[in-house]
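Here are my notes on the model, as numbered points. They can be read beside the sequence and the coordinates.

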Amino acid sequence: MALPAPATAAPTKAATAAEVRLHGATAGAEGDYWPKVVASFNAKGGRTKVTFEAWPPDQNNVPASITLAAAGSLGDVMRLIVTSNYSQMAARGYLADLGPLVAREKLDLSVFYPAATETLRFRGKSFGLPHIAHPGFCGLFINLDLWAQAGLPEPDESTWSFASLQESLRTLQSRRGDGQWAIFPPTLIQHLTVAARAFGGNVIDKDGKKSTIAATEAATGIEWLSNLILRDRVAPAPGVLQGGDQQNFVGGQVAAMWTNFGVINGLRKQAQGLRWKVFMGPKGSTGRGFFTGVDAASQNAASKVPDAAFEVVQHVVSKEVSLGWFDVGFAPGARIDTWTDPKVAADDAFKVFARAFTEASPFYLPDNGLIVDYNAALNKELAPMWKGELPLRDALENARRAGQEVLDRTAG
């Protein structure tokens, strides 16, 4: 999906040598791969050279990107995450609108999943190109042995619904012992978003200015989640189990978990002997509810070498670099031609997420950039509900009011 041509003239490309600083994380796959991304760019022998700088630790819940930008020490290019610092950086004016550069270079944005490109459009502008994308919390990972022991057939992605998943979990729970559960509690904002969308709602409106978590459609999906814990007793309340979903899945405390692609590499390393399989999540009354998670390749609005920085951005989102992420156990970029590449298509787990991408829609961001604060407000007000201490409708209304207070704040 091509961006519209800007109203002003596109910038003129400079031809001088430049040093570009690239920020990224160094944990896990990123630590393995960013040095290779930099080396492959520098090996081209062009006038632009890249140096990699790891993000420093966040301080007092303020993203390092915000701290560096405010201090005037932010690098030229960076990886930003839609669910944390991307919209915060854009709302504060720290990111360059890449629309004019895209127009000047005549870049074909149709190589990316449209929902990924659209998710990065913030206030009508694109402050990054899709670097990594995935179809959100769309995967139901199941322990095949426990599923079979309960007499359950493998799920049929084409027909299974929220109701049929609920019945399967009930059957599964009836075969579990004390302290063992059918599914890890699906109570994260990502779970709420998928469930709300599956029944025609959302936790925030498309313009990012209105909290919609208490609307009837959203409440229907979220009530389904709460019933797993409070009525059907197939999942514990948050905090009952020590550790995260992957740890409890590998250890056998839960027979299923609902999450994204990020656990695949860990399961292959840690779950030796465990027979597991991932399936696309079930359908609600209006679909599966999948959203698109995106990491952006963005550039500093204050960069003194914007043309050189954009060269690096284009390299980061190229097919060659994007497909290389798959080799280190990460998602293969945000491009259609990498997610459908034969190497990815041959992977039984990743091809499930590739199918899910065809049903994933854009993710909605708060217009003021305060996504972390918004999500924190919702989580705080919903916590009593998961414990059975507050009725669903009351908790959702409290969450709506708290969320709206965040959305009404001044941008940034």
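1. The model is a predicted one. I start with Asn-300, whose contacts, apart from neighbours within four places in sequence, are Leu-74, Gly-75, Asp-76, Met-78, Tyr-94 and Ala-96. Asn-300 sits in the loop between strand E10 (293-299) and helix H12 (306-316). With a relative accessibility of 10%, Asn-300 counts as buried. The side chain of Asn-300 also comes to 3.2 Å from the backbone oxygen of Leu-74.

2. In what order do the five strands of the open sheet run? The order is E2-E1-E3-E10-E6, and the pairing is mixed. The edges are taken by strand E2 (48-54) and strand E6 (129-134); each has a single partner strand, so one side of each has no neighbour in the sheet. Direction ignored, neighbouring strands of this sheet are turned by 25° against each other on average.

3. Within this sheet, strand E3 (residues 77-81) and E10 run antiparallel and are joined by five bridges. Ile-81 has Asp-295 of E10 opposite. Helix H1 lies across strand E1 (18-24), E2, E3 and E6, and its direction is at about 165° to E2.

4. Another strand pairing involves strand E7 (residues 139-143) and E9, which are antiparallel over five bridges. In this pairing Leu-140 is opposite Phe-279 in E9. Strand E9 (residues 276-280) is mostly covered, with four of its five residues buried.

5. Helix H1 (residues 28-42) contains Gly-28. Is Gly-28 buried or exposed? Gly-28 counts as exposed, at 53% relative accessibility. The C-alpha atoms of Gly-28 and Gly-329 are 9.2 Å apart in space, although the two residues are 301 apart in sequence. Gly-329 follows helix H13 and has a positive phi, near 90°.

6. Helix H13 (residues 319-327) has buried residues at Val-321, Ser-322, Leu-323, Gly-324, Trp-325 and Phe-326. Which elements cover these buried residues of H13? The cover includes H1, E6, H12, helix H14 (336-339), helix H15 (342-345) and H16. H1 and E6 thus come up again here, having been mentioned with the sheet, where H1 lies across E6 among other strands.

7. On the aromatic side chains, the count is 18 aromatic pairs. One of these is Tyr-113 with Phe-357: the ring centres are 3.8 Å apart and the planes at 5°, so the pair is stacked. Tyr-113 belongs to the loop between helix H4 (99-105) and helix H5 (114-119), and Phe-357 to helix H16 (residues 350-357), so the pair ties together parts 244 residues apart in sequence. Tyr-113 and Phe-357 are both buried.

8. The pair of Phe-162 and Trp-258 has another geometry: with centres 6.3 Å apart and planes at 70°, it is edge-to-face, because the angle is over 60 degrees. This pair also links distant parts of the chain, with Phe-162 in helix H7 (residues 162-174) and Trp-258 in strand E8 (residues 256-259), 96 residues apart. Phe-162 counts as buried at 3% relative accessibility. Trp-258 is buried as well, with a relative accessible area of 4%.

9. Ring pairs also build a cluster from Tyr-33, Trp-34, Phe-52, Tyr-113, Phe-261, Trp-325, Phe-326, Phe-330, Trp-339, Phe-350 and Phe-357. The stacked pair of Tyr-113 and Phe-357 is therefore part of this cluster. Trp-325 and Phe-326, listed among the buried residues of H13, belong to the cluster too.

10. One charged side chain is placed over a ring: Arg-197 lies over the face of Tyr-364, at 5.0 Å from the ring centre.

11. Lastly, Gln-246 is located in helix H10 (residues 245-251). Gln-246 counts as buried, at 15% relative accessibility. Leaving out neighbours within four places in sequence, Gln-246 is in contact with Met-257, Val-263, Gly-266, Leu-267 and Gln-270. Met-257 falls in strand E8 (residues 256-259), the strand that also holds Trp-258.

Key:
Residues numbered from 1 in each chain as written. Predicted model: local features only at pLDDT ≥ 70, side-chain atom pairs only at ≥ 80, totals over all residues. Heavy atoms only, no water. Phe/Tyr/Trp six-rings, centres within 6.5 Å; stacked < 30°, edge-to-face > 60°. Helix = DSSP H or I, 4+ residues; strand = E, 2+ residues; numbered from the N terminus. Buried < 20%, exposed > 50% of the residue type's maximum accessible area, 1.4 Å probe, protein only. Lys NZ or Arg CZ within 6 Å of the ring centre and 35° of its normal. Pairing = 2+ DSSP bridges. Polar contact = N/O pair within 3.5 Å; in protein donor to acceptor, adjacent residues only side chain to side chain. Contact = heavy atoms within 4.5 Å. Axes fitted to C-alpha atoms, helices over the stretch in contact; angles between N-to-C directions.
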